[in-house]
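Hi,

Here is the structure I promised to pass along. Have a look at it first, and then read my notes underneath.

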Amino acid sequence: MHLPRRDFIKYGTVAVASAFKGTASTKYRIMEERIDFDVIIVGGSYAGLSAAMALGRSLRHVLIIDSGYPCNRQTPHSHNFISHDGEKPSVIAEKARSQVMAYPTVRFYDGLAVYGKRTDTGYEIGTQGGQTFGAKKLLFATGIKDIMPDITGFQECWGISVIHCPYCHGYEYRGKKTAIMANGERAFHIASLVHNLTDNVTILTRGKADFNTDQIDRLEKHNIQIIETDVVKIAHEQGYVNQVVFRGGSNIHFDAVYAALPFEQHSDIPAKLGCELTDLGHIKVDMSQKTSIEGIFACGDSSSMMRSVAYAVATGNIAGAMINHQLTEEMF
Ligand SMILES: Cc1cc2nc3c(=O)[nH]c(=O)nc-3n(C[C@H](O)[C@H](O)[C@H](O)COP(=O)(O)OP(=O)(O)OC[C@H]3O[C@@H](n4cnc5c(N)ncnc54)[C@H](O)[C@@H]3O)c2cc1C
């Protein structure tokens, strides 16, 4: 059955559902016809799924496109999200996905969105698989990518014993011998938080320490040592740190290492569509999660430095409601 475009819109979920079963003929049909939705959400992790729930419950036709690489995928246990404390991150996401997919106007596409462009009726998103989808509104819940340092063993420990946030994993390492791999304001801020969880803290600046005299005094007062020698390796067992190895070969045992990493946007599509970024590199949004470009919204890590599952879910929920509100104003 070859549906004209308006029927794709009207019966969008049916058309997509059958097309996604993937017979040769339906695949071919998808490539020549654009399927239109009310909203395309790029990124189907916590923020995107949360927005999809608000929109699905409002009977909006929603397509979620997700490439399956959430930033916390290596963490064995996710903490500090009420009702899911200590769960495996993928379990939280799978449960969310099954709840969201119970709403019949929501569709999920496993794959990578590779471009976006403006159209007469809204926006178009193209995927790596060659499919093209249209929507009146776009929501980017694409998250960020942490840029790993060139330290042997670092990547393998990331999210397990090399951690980014005291709220997410600090309690599990309370009282433990802890390093903070950072410098300047960032290191001082993390040290002030972590000192409340353990009194055995060392800052590894990997170069000349950058603290003012007041900060040095306060670090000394709390017995926080600073080591400037570069770190070349993290010796570990299955992601659990044993030793931090310094240039020159000396080493020290630590149980946990906090690391403040640089990051980049997981997707460059929002910037290419003209969405303004903040000085730190997040997508600039207002209180309604609207970006600087009309009809485009962003939520979760991509648009906030408050990095947590709870915050991603909260901003996704706001974005979903605000997009629905905008659609309602335009259509009612
Ligand atoms: C190591 C680590 C451990 C953490 N532990 C905790 C914790 O214990 N508790 C806590 O509350 N928070 C924790 N966090 C923070 C939390 O994981 C994030 O705040 C949260 O995952 C953000 O959700 P998000 O949906 O915005 O982005 P993400 O979860 O990162 O998901 C983004 C999604 O978008 C997809 N995507 C990106 N670009 C495209 C594209 N072009 N096309 C299709 N899909 C795309 C990705 O594949 C991914 O699935 C941790 C973070 C890290 C890095």
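Before the helix contacts below, one definition: two residues are in contact if their C-beta atoms, placed from the backbone, lie within 7 Å. Please also keep in mind that this is a predicted model.

First, the overall picture. The protein has 11 helices and 17 strands, and its C-alpha atoms fill a box of roughly 70 × 40 × 35 Å along the principal axes. Of the 332 residues, 42% are buried. If you take the contacts with a separation of 6 or more, 60% of them join residues 24 or more positions apart.

Now the helix pair. Helix α4 (residues 46–56) and helix α11 (residues 309–331) have axes that come within 7 Å and cross at roughly 35°; the crossing is right-handed. On the α4 side the contact includes Tyr46, Gly48, Leu49, Ala52 and Met53, and on the α11 side the residues they meet include Val309, Ala312, Gly316, Ala319, Gly320 and Ile323. What classes of residue make up the contact of α4 with α11? The split is 14 nonpolar, 7 polar and no charged.

Next, the domains. Domain 1 covers 34–145 + 263–331, while domain 2 covers 154–259. Their C-alpha centres lie 33 Å apart. Where they touch, 8 residues of domain 1 are in contact with 8 residues of domain 2, and the domain 1 side of that has 1 nonpolar, 6 polar and 1 charged residues.

Then there is the ligand. Around it are 40 residues, of which Gly43, Ser45, Gly143, Gly159 and Gly300 come nearest. Which domains does this shell draw on? Domain 1 and domain 2 each give at least three residues to it. By element, α4, β2 (62–66), α7 (166–170) and α11 each supply at least two, so you will meet the two helices of the pair above again here. By class, the shell has 16 nonpolar, 20 polar and 4 charged residues.

Just after α4, have a look at the loop that leads to β2. Arg57 sits in that loop, and it counts as partly exposed because 15 other C-beta atoms lie within 10 Å. Arg57 is 43 residues from Val100 in sequence, yet their C-alpha atoms are 8.9 Å apart in space. Leu59 is in the loop between α4 and β2 too, and with 13 other C-beta atoms within 10 Å it is partly exposed. Its backbone caught my eye: phi of Leu59 is near 60°, a positive value in a residue other than glycine. Most residues other than glycine have a negative phi.

Gln238 also has a positive phi, near 50°. You will find Gln238 in the loop between β12 and β13 (240–246). Is Gln238 buried or exposed? It is exposed, because just 8 other C-beta atoms lie within 10 Å, and the cut-off for exposed is 12 or fewer.

Finally, Val232 is in strand β12 (residues 231–237). With 17 C-beta neighbours inside 10 Å, Val232 is partly exposed. Leaving aside neighbours within four places in sequence, Val232 is in contact with Ile151, Thr152, Val245, Phe246 and Arg247. Met181 is 51 residues from Val232 in sequence, and the two are 12 Å apart, C-alpha to C-alpha.

Cheers

Conventions. Residues numbered from 1 in each chain as written. Predicted model: local features only at pLDDT ≥ 70, side-chain atom pairs only at ≥ 80, totals over all residues. Axes fitted to C-alpha atoms, helices over the stretch in contact; angles between N-to-C directions. Helix = DSSP H or I, 4+ residues; strand = E, 2+ residues; numbered from the N terminus. Left-handed = near helix turned anticlockwise from the far one by under 90°. Nonpolar A, V, L, I, M, F, W, Y, C, P; charged D, E, K, R; others polar. Domains from an automatic or database assignment. Near = placed C-beta within 6 Å. Buried ≥ 20, exposed ≤ 12 C-beta atoms within 10 Å, placed from the backbone.
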